[in-house]
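Here's a quick walk through a ligand site and some aromatic contacts. Have a look at the structure first, then read on.

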Amino acid sequence: MIALPPLPALHASHAGVWLHDGESTRAVSRGEAVARAAETPVLLLNAPLTGQRLGYGDLSGLDLLELWAFLFPARFLVPTPKGLAEAVGLSPPQREQDVPALLSEATRLLLEQVAGDAPWPEREGAWTAAQSLHRLRWSWAPLVASAIPRPEQGERWLFSRLPEWEEEAPRPAPRPVALTPEEIGERLSGLTGANAETRPGQRDYALAVGAGFAPRQHRDRPNMVLAEAGTGIGKTLGYLAPASLWAEQSGGTVWISTYTKALQRQLDAETLRLPDPPTGKRTGRIVVRKGRENYLCLLNLEDALQGGFTGRAAILAQLAARWASYSKDGDMVGGDLPGWLPTLFRRNGSTALTDRRGECIYAGCPHYRKCFIEHGVRASAHADIVIANHALVMINAARGRESGNIPTRMIFDEGHHIFDAADSTFALALTGQEAIELRRWVIGPEGSSRGRRRGLAARLADVTSYDGEGARAIEQAREAATSLPSDDWLKRVTGGEPFGPLEKLLAACRSHVFARAEDGKADVDAGYGLETELAEPDGDLVEAAMEAAQALDALLRPLNHLGKRLEAILAEGPDWMDGPARARIEGAIASLGWRADLVSGWLAMLARIGGPNDPDFVDWLAVDRYEGREYDIGLHRHWLDPTRPFAQTVLKPAHGVVLTSATLRGGDGHWPTAEARSGAPHVGAAPIRFEAASPFDYASQAEVLIVTDIKRGDIGALAAAYARLIEAAQGGTLGLFTAIRRLRAVHARIADRLARASLPLYAQHVDPIDTGTLVDIFRDDMRASLLGTDALRDGVDVPGHSLRLLVMEGVPWSKPTVLHAARKLAAQGQGGGNAYDDALIRARLAQAFGRLIRRADDRGSFVILSAAMPSRLLSAFPANVPIRRMTLDEAVISVSERLGFATPLVHQTGESGMKQI
Ligand code: SF4
């Protein structure tokens with residue numbers, strides 16, 4: 001047993017604050033806790049969260065989560081006392097006051113595990129990292145460095161540990177194969193297992209999906225399958241069966257795409273059931289791909305480790321380096337980096353470790369052959385199945401270069417989100433933040449800015465020294481880019497002192513938006529985003545747009561010219577151009593192409609100001625704000641129908657596309673709507689339709705309760721209703737809100753009350769914890785409840801008792817944005833304006849309801865706290881689920897009875913409604 005110096009341990013929750021000082025634990029005031037933490041290092045779990053509970057944001061100490069991240073990088077941990085206890089083999093604490101003693105005991109056990117020569121898979125590199133962390137004054141360093149014995153031999157450093165990718169010959173085109181129903185059925189049985197219960201509809205579903213893999217009959221017209229499979233059909237294995245078979249037999253790749261990262265992670269786990277391939281080589285068959293901004297960039301990490309980061313960010317860089325050595329694929333967002341790690345450092349530095357700004361220098365990078373992103377790109381070209389997301393599939397189809405292979409067989413799970421994904425992928429924004437990014441990409445670091453970012457000239461230094469024309473184009477682009485916004489642009493624009501034509505444009509946009517803002521609207525008054533349609537622009541805006549267009553045109557010309565020069569140099573093949581140089585120039589051509597497209601798009605948008613309207617697009621001006629603070633300003637353009645570019649870039653080149661979801665028809669059972677939102681009409685495809693109802697017995701498993709006595713706008717009553725319902729369900733509640741400010745107001749009123757009843761309440765936009773981790777915590781603790789907004793409506797998969805009550809604050813009406821109004825107007829033109837709105841709301845209700853019952857033995861209640869719920873929208877719920885309108889009192893009783901808890905006694909307490917006694 002190792003001897004630890006006496007360290008106090010601190011735990012703070014909404015119910016109170018407790019301090020353990022070696023002998024005993026006692027309740028302390030917040031002030032005492034903060035003072036104690038300031039004078040001596042205290043053990044705690046999640047410093048930002050503890051600090052928030054104490055009302056002292058800068059709290060620091062010996063955070064056991066940081067210790068975990070150092071000792072066991074890339075290992076999953078639910079960051080709660082219960083999660084920690086289970087991870088180290090202790091009993092979870094029964095009472096909050098037991099937590100500080102648990103922290104002390106867990107610290108001893110964790111350090112004991114790594115002392116001496118105890119088996120510890122992550123030992124390599126730990127001693128060296130501990131020394132570096134000591135120099136950075138990491139609070140754990142003295143304890144850790146003394147516990148880990150010095151290795152006898154020098155340790156391999158991250159950059160020598162990581163494997164290199166090998167170049168492989170391009171894969172031949174997939175063979176045309178026809179899958180038989182027997183083969184698909186057999187594969188499905190193999191995946192579900194011999195003893196699996198037969199799921200009605202699953203086999204038919206697998207056969208329907210299989211039709212998407214038949215050889216294509218017409219060029220530019222893929223086989224399309226729209227398959228709606230109710231929850232419980234077993235969709236995932238249902239499509240993995242034909243997909244894996246086709247990949248094996250044809251030698252091609254199937255891209256399975258999801259909308260949420262949660263489903264991507266779940267799918268990755270499901271593919272472990274796939275049988276070993278005939279070749280026996282399993283590695284690399286299944287590859288998870290995300291956008292490059294999700295992955296650790298080794299060059300950025302090296303820069304951070306070598307002094308680019310200071311203070312706490314430098315400690316994060318060391319922990320990230322530990323993790324990178326053990327990570328499966330370097331995915332920092334939703335991969336095996338604990339989602340809670342960046343938030344411990346208040347996100348300070350984590351985004352700078354990824355390649356967010358497209359500054360990759362490809363073959364010019366010393367880590368190119370070990371790069372996580374390049375590994376993924378290459379692996380996906382040879383994989384059987386690539387698990388990606390909608391946005392990445394669309395970007396790859398549009399850009400091609402990064403994918404290594406353009407997807408031609410695709411299954412879009414969560415297919416009801418194709419419209420939204422296409423809407424954001426094919427949108428265009430000319431804002432201050434976008435424009436300054438372009439400036440930095442062209443010019444590189446300016447003034448006092450640090451980092452290794454390099455401009456075009458530095459990235460293409462070998463070209464400039466070889467080709468005079470190319471060098472001149474780079475210089476002209478650099479010169480033209482100085483007209484783009486620079487550092488502090490927001491301050492200048494909001495202060496009325498814009499500099500240069502683009503900043504002047506932003507200033508004109510801003511005054512236009514404020515001039516047209518309607519006072520009295522909630523978002524205007526509360527300091528959230530403002531927008532206005534691009535119509536009837538005033539003279540200042542028209543003039544600013546013309547000047548900005550001239551400046552952008554002056555930038556576009558040299559960018560295009562440089563692209564042509566680079567192509568010519570590639571064709572000439574000079575002596576100095578070895579493989580890496582060629583790859584670098586190819587990379588530069590591709591990224592120049594995207595930037596040139598971007599600037600062309602901006603020019604088209606500017607031409608619209610004072611020019612003719614383009615009926616294909618919806619244009620507006622916006623000032624983005626958060627609680628009154630402006631953070632971006634500019635112009636936006638979306639397609640009126642984003643499935644048009646989706647059809648053109650994704651569907652047309654594809655051979656087989658399957659869109660599937662439990663709510664593909666948006667809860668209203670209307671196939672033409674589903675087809676229109678899939679893009680099929682734009683390529684003349686006649687999709688195969690398939691539907692299989694959920695096998696669940698909703699009549700007995702679920703109920704929908706519409707509470708009729710909560711007055712709209714009465715936050716006190718709303719909060720009291722949430723509290724009482726959560727108490728009735730004894731936790732296990734997911735609360736969904738359409739406005740962050742109401743979510744916060746409700747949380748602030750009920751968190752303490754629930755904590756005193758041992759019912760922890762977590763909330764997005766309140767707790768300093770990322771959404772994925774919040775869901776992990778919610779899933780792990782049967783008494784926890786979670787409040788959130790849109791992202792939780794269909795990104796949460798919590799089967800079992802952890803989610804037994806779902807409460808919506810009201811009808812999820814669409815936000816009255818310029819874009820929504822334009823689409824509604826277009827639908828009205830076709831005779832269906834209100835139907836358009838209703839279909840969107842039904843879809844949201846159906847998606848939310850879908851969170852509740854995930855398994856045949858789940859039970860739960862779905863409560864809507866709004867008397868204004870129109871009956872016409874209730875068809876969003878399964879036909880046989882009982883739907884009742886009732887008072888809150890009755891709802892509380894119904895919920896507790898359904899879930900088998902004793903009916904809470906209630907009495908009336910003034911304006912906040914009912915209170916438990
Ligand atoms: S190749 Fe690009 S993304 Fe990869 S490590 Fe190097 S700079 Fe970063």
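Which residues surround the ligand?

## Around the ligand

Keep in mind that this is a predicted model. The ligand has R292, C297, L298, L299, C360, I361, C365, Y368, C371 and I373 around it. Sorted by class, that shell comes out as nine nonpolar residues, one charged residue and no polar ones.

## From the ligand shell to W165

Y368, one of the residues around the ligand, also has an aromatic partner: it pairs edge-to-face with W165, at 5.4 Å centre to centre and 85 degrees between the planes. W165 sits in the loop between helix 8 (158–161) and helix 9 (181–192), while Y368 is in the loop between helix 15 (341–344) and helix 16 (372–381), so this pair ties together parts 203 residues apart in sequence.

Are these two buried or exposed? W165 has 4% relative accessibility, so it counts as buried. Y368 has 11%, so it counts as buried too. On top of that, R369 lies over the face of W165, 4.4 Å from the ring centre.

## Other aromatic contacts

In total, the structure holds 13 aromatic pairs. Among them is the tilted pair of F70 and W138, with 5.5 Å between centres and 45 degrees between planes. F70 belongs to helix 3 (residues 64–71) and W138 to the loop between helix 6 (126–135) and helix 7 (141–147), so to speak distant parts of the chain, 68 residues apart. Both F70 and W138 are buried, and R322 lies over the face of F70 at 4.9 Å from the ring centre.

Elsewhere, ring pairs join F696, Y698, F849, F862 and F877 into a cluster.

Note on methods
Residues numbered from 1 in each chain as written. Predicted model: local features only at pLDDT ≥ 70, side-chain atom pairs only at ≥ 80, totals over all residues. Heavy atoms only, no water. Near = heavy atom within 4 Å. Nonpolar A, V, L, I, M, F, W, Y, C, P; charged D, E, K, R; others polar. Phe/Tyr/Trp six-rings, centres within 6.5 Å; stacked < 30°, edge-to-face > 60°. Helix = DSSP H or I, 4+ residues; strand = E, 2+ residues; numbered from the N terminus. Buried < 20%, exposed > 50% of the residue type's maximum accessible area, 1.4 Å probe, protein only. Lys NZ or Arg CZ within 6 Å of the ring centre and 35° of its normal.
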